[in-house]
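Me: I have this structure open and keep tripping over the descriptive words people use for it. Can you walk me through where they come from?

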Amino acid sequence: MIEFKNVSKAYALGSGKKILLDNISFRFEQGLNIGILGVNGAGKSTALKLIAGSEAPDKGRIIRSGTFSWPLGFSAGFQGSLSGEENLRFICRIYAANIRSVIKFVADFSELGDALYEPVATYSTGMRARLAFALSMAIEFDVYLVDEIMGVGDRLFQQKCRDAFVEKSKQSSIIMVSHNMNTIREYSDVVLVLSNGNVDIYEDIEEAIASYEK
Amino acid sequence: MKIFWNAFRVQRRVIFALILRETRTRYGKTRIGYLWALFEPLAHMLIFAAIFSFTGRTSPLGGSVALLVLTGLFPYNLFSNLSTQLMNAVEANKVLLSYPHVTPFDVMASRTILEVATQMIVFIFVLLILAIQNLWDMQINSFLSMLLVIFVGVALGAGMGLINAVLAFKFPSYANIFGLIMRPMYFLSGIFFVVGYMSSEIQGIMYYNPVAHLIEWFRSAIYVGYTSEFLDKHYLLHFTLTVLFLGLLLLRLSRHKIRQSK
């Protein structure tokens, strides 16, 4: 369950202020997959960080029950000087996940091979994203927060991600930010469209996409 | 109640993970890496002790010069390392603050624990070397006072470090300014001499330096029969509590901003 109660959030921008969320309230129950749409800079990623709790609202309250992942994105929190495996260990420790089984899963899923033991700084964007994606699938959460991470790697890997995601969505729900309308169509039950500090909620995906593309 | 207990468990987990990670990034991947971390302050102390011993200086407190240097450098390093390590903690852990579980406070706490542990190990190790070399008679005036002074030193260093961390976050050039301030501190804290035996003019100037009091107190706790005329415990304790409170307050007030920065 995630609930926003009169949440406001703004960023300092030069001399002025950019309002991303202006007194927003909503509540969604567990089990609903949510897609978030909005133009660049509308505050999609910030909304995801607020949901995750890695950023705090300026005003209002955010209430969540169940376990939430960190926002999974390309710029996932990996320490460049450490190897992929060492980064995994750290994240397992903070989420109390079994280190050995997570590393085994990630090694199989990510297909990174020996690169898993090289510093993350040497990874390409695609490799990082594969590591991030595999890791997120290895740890159990009630809600997965996904920031533009679908469509990583080649066709085969994409298919693998999709399968893993479908499997996950049986027990867990997904809140995702994406520019890809097909991805939104495929995974979302509800769509939030962000614009000028407002959030419009659509249960009809096509309606949401139409309003976003307008 | 259960929520608090859970939050506490998460925090303990996060701090432990941060400590392990920090030993990896700072001291390298080999097991010998952490030994290097110990070696640096160890060499620092031993070299100074050796230089002063060879130049034939004697300790005004009796006993060896090496012990004088050790009892000065240990409290000083505790303060100086904590205040600079915490100052740089945000920058070094920026990526990890994107995990909701990891808070700026956790980052500070883990650095403090690691730094204090390292300094303590080095101190005990040097004491052992001095004991083996007959440079220390293995007497401690008051073990309890010694622990208390270490505790005060940690609070003072961590408090200063928290203030530094927030100031360096708001004003990036602050780190250089603090470095500039700390340089004369090395000579104005009474590491290589005993403030209590200095002229009253010099004592008057050094009075405002809390680290000078820290070192004097530490020496009073170690040396049997030394009571410092210079030491003002009230001043040191007031200074320490103020700094610690201010540091925690500043961190609390700016914790969201620290998180948000990229």
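Me: How do you know how α2(B) and α3(B) are placed against each other?

Reply: Bear in mind that this is a predicted model. In it, the axes of α2 (residues 32–54) and α3 (residues 65–87) of chain B come within 9 Å and cross at roughly 145°. The crossing of α2(B) past α3(B) is right-handed. On the α2(B) side the touching residues include B:Pro41, B:His44, B:Met45 and B:Phe48, and on the α3(B) side B:Val65, B:Val69 and B:Leu73 are among them.

Me: What makes up the contact of α2(B) with α3(B), by class?

Reply: Pro, Met, Phe, Ala, Val and Leu count as nonpolar, while His, Ser and Asn fall under polar. Sorted that way, the contact of α2(B) with α3(B) has 10 nonpolar residues, 3 polar and no charged.

Me: Why are α2(B) and α5(B) called oblique?

Reply: The axes of α2(B) and α5(B), the helix at residues 104–132, cross at roughly 50° and come within 9 Å. Under 35 degrees would count as roughly parallel, and 65 to 115 as roughly perpendicular. An angle of roughly 50° fits neither range, so α2(B) and α5(B) are oblique to each other. Here too α2(B) passes in a right-handed crossing. B:Leu38, B:Leu42 and B:Met45 are among the α2(B) residues involved, with B:Ile121, B:Val122 and B:Phe125 among those of α5(B). The classes come to 9 nonpolar, 2 polar and no charged.

Me: Which kinds of element does chain B have?

Reply: Chain B has 10 helices and 0 strands. Read from the N terminus, every element in the run is an α.

Me: Why is chain B called as compact as a globular protein of its length?

Reply: Set its radius of gyration against the globule rule: chain B comes out at 19 Å, and the rule gives 18 Å for 262 residues. Those values are close, so the description holds. Along the principal axes, the C-alpha atoms fill a box of roughly 55 × 40 × 40 Å.

Me: How many residues of chain B are buried?

Reply: Buried residues are 40% of the 262 in chain B. To earn the word, a residue needs 20 or more other C-beta atoms within 10 Å of its own.

Me: What makes up the side of chain B that touches chain A?

Reply: 17 residues of chain B are in contact with 16 of chain A. Both α1 (2–27) and α10 (233–260) of chain B supply at least two residues to that side, and α1(B) has the largest share, 7 residues. By class, this side of chain B has 8 nonpolar, 5 polar and 4 charged residues.

How values were computed. Residues are numbered from 1 along each chain as its sequence is written. Chains are lettered from A and ligands numbered from 1 in the order in which they are written. This is a predicted model: local features need pLDDT of at least 70, side-chain atom pairs count only at pLDDT 80 or more; totals for chains, interfaces and linings use all residues. Axes are lines fitted to C-alpha atoms, for helices over the stretch in contact, and angles run from 0 to 180 degrees between N-to-C directions. Helices (H or I, at least four residues) and strands (E, at least two) are DSSP runs, numbered from the N terminus. A crossing is left-handed if the near helix is turned anticlockwise from the far one by less than a right angle, and right-handed if clockwise. Two residues are in contact if their C-beta atoms, placed from the backbone, lie within 7 Å. The radius of gyration is taken over C-alpha atoms; the globule rule is 2.2 Å times the number of residues to the power 0.38. A residue is buried if 20 or more other C-beta atoms lie within 10 Å of its own, exposed if 12 or fewer, and partly exposed in between; C-beta atoms are placed from the backbone. Angles under 35 degrees count as roughly parallel, over 145 as roughly antiparallel, 65 to 115 as roughly perpendicular and the rest as oblique.
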